[in-house]
Amino acid sequence: MPRRRGSAGSRPVLTGPARGGRRPLRPTETEGRAMKIGIIGAGNIGGNLTRRLTALGHEVSVANSRGPHTLTELAQETGATPVTAAEAARGAEIVVVTVPLKAVPDLPSGLLDGAAPGVAVIDTGNYYPRQRDGRIDAIEDEGLTESRWTERQIGHPVVKAFNGTYAQDIVDRPRPAGDPGRMALPVAGDDEGAKRRVRDLVEEMGFDTVDAGGIDDSWRQQPGTPVYGLRAGAGEVAAALAEASPERPDDFRA
């Protein structure tokens, strides 16, 4: 029998536009204020987050597993600063960890040393045991959510976002607040302040957000759930989160 991933009775906390109607148009906390953001991982998601965030005027440092010299082209295109993974969080208010789950334990120790006080860490990761990551016992046997497992590895709370987002949508599908075609993304996390800052950043990037609850609720947006890869507005995203099953699909079990 597939292991349960959470309580079937728990429900995400639906705030803002998810409760019906649109959130009143307002500047986000991040809008108009350049932040220092570190991105660890320069694959499809990390690369396009670098493109979008630098276009919005944020100061981005980006790292990958092969070294800064392999990021010259991305740096020239975007103005981001290529760094090592150990340097990516230095002074950063927000750090994005966007590496394969199997690579998370190999990240440098003290990854967040030197980050700004109260740094918010975004986890974009997904567990693909058959396709890429191999078996992770704590996820399979203990029923940990993927982001809870990542928290244990890096020793810091995370906010789960962008894990079910098509990479190209990050640069192709931003829309102004109030636009009927604006997509919504689920965001989960235990630290309400960090989650609010991440939601503000996502909204500045051109997407609505739906509060998907805490990290123990984040199974609702893991691979194989209705919201995973969903291109829709806040109401549909909220409904998809509520419809998720706590059983991990067989395709996403080792």
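Colleague: Which residues have the most contacts inside the largest nonpolar core, and how many residues does this core have?

Modeller: The largest nonpolar core has 29 residues, and I37, L49 and F162 have the most contacts inside it; a nonpolar core is a set of buried Ala, Val, Leu, Ile, Met, Phe, Trp, Tyr and Cys residues joined through side-chain atoms within 4.5 Å. Two or more residues each come from β1 (36-40), α1 (44-55), β2 (59-63), β4 (94-97), β5 (120-123), α6 (167-172), β7 (184-189) and α7 (192-204), and α7 gives the most, with four residues. Apart from this core lies another, of 27 residues, including A85, V104, L144 and I215. This is a predicted model, in which local features need pLDDT of at least 70 and side-chain atom pairs count only at pLDDT 80 or more, while totals for chains, interfaces and linings use all residues. Residues are numbered from 1 along each chain as its sequence is written, and side-chain values use heavy atoms, with hydrogens and water left out.

Colleague: What makes α7 agree with the span expected of its 13 residues?

Modeller: Helices (H or I, at least four residues) and strands (E, at least two) are DSSP runs, numbered from the N terminus, and the expected span of a helix is 1.5 Å times one less than its number of residues. The 13 residues of α7 should therefore span 18 Å, and its end C-alpha atoms are indeed 18 Å apart. At the start of this helix, a side-chain oxygen of D191 reaches to within 2.9 Å of the backbone nitrogen of G193, and just after α7 the residue G206 takes a positive phi of about 110°.

Colleague: Why is R182 called buried?

Modeller: Buried means under 20% relative accessible area, exposed over 50%, and partly exposed in between (1.4 Å probe, protein chains only). R182 has a relative accessible area of 7%, and therefore counts as buried, although this residue is found in the loop between α6 and β7.

Colleague: What does the side chain of R182 reach at 3.1 Å, and which residue does a polar contact of 2.9 Å join to R182?

Modeller: The side chain of R182 reaches the backbone oxygen of F207 at 3.1 Å, and a polar contact of 2.9 Å joins it to the side chain of D208. A polar contact is a pair of N or O atoms within 3.5 Å; within protein, one must be able to donate a hydrogen and the other to accept it, and residues adjacent in sequence count only if both atoms are side-chain atoms.

Colleague: Why is the aromatic pair of Y128 and F252 called tilted or stacked?

Modeller: A search of the whole structure finds one aromatic pair, formed by Y128 and F252, with 6.2 Å centre to centre and 50° between the planes, which is tilted. Rings of Phe, Tyr and Trp (its six-membered ring) pair if their centres lie within 6.5 Å, and planes under 30 degrees apart count as stacked, over 60 as edge-to-face and the rest as tilted. Y128 lies in the loop between β5 and α3 (129-133) and F252 in the segment after α8, so the pair ties together parts that are 124 residues apart in sequence. Y128 counts as buried because its relative accessibility is 19%, and F252 likewise counts as buried, at 14%.

Colleague: How do you know that G224 counts as partly exposed?

Modeller: The relative accessibility of G224 is 43%, and so this residue counts as partly exposed. G224 lies in the loop between β8 (208-211) and α8 (234-243), and, leaving aside neighbours within four places in sequence, G224 is in contact (heavy atoms within 4.5 Å) with P249 and F252.
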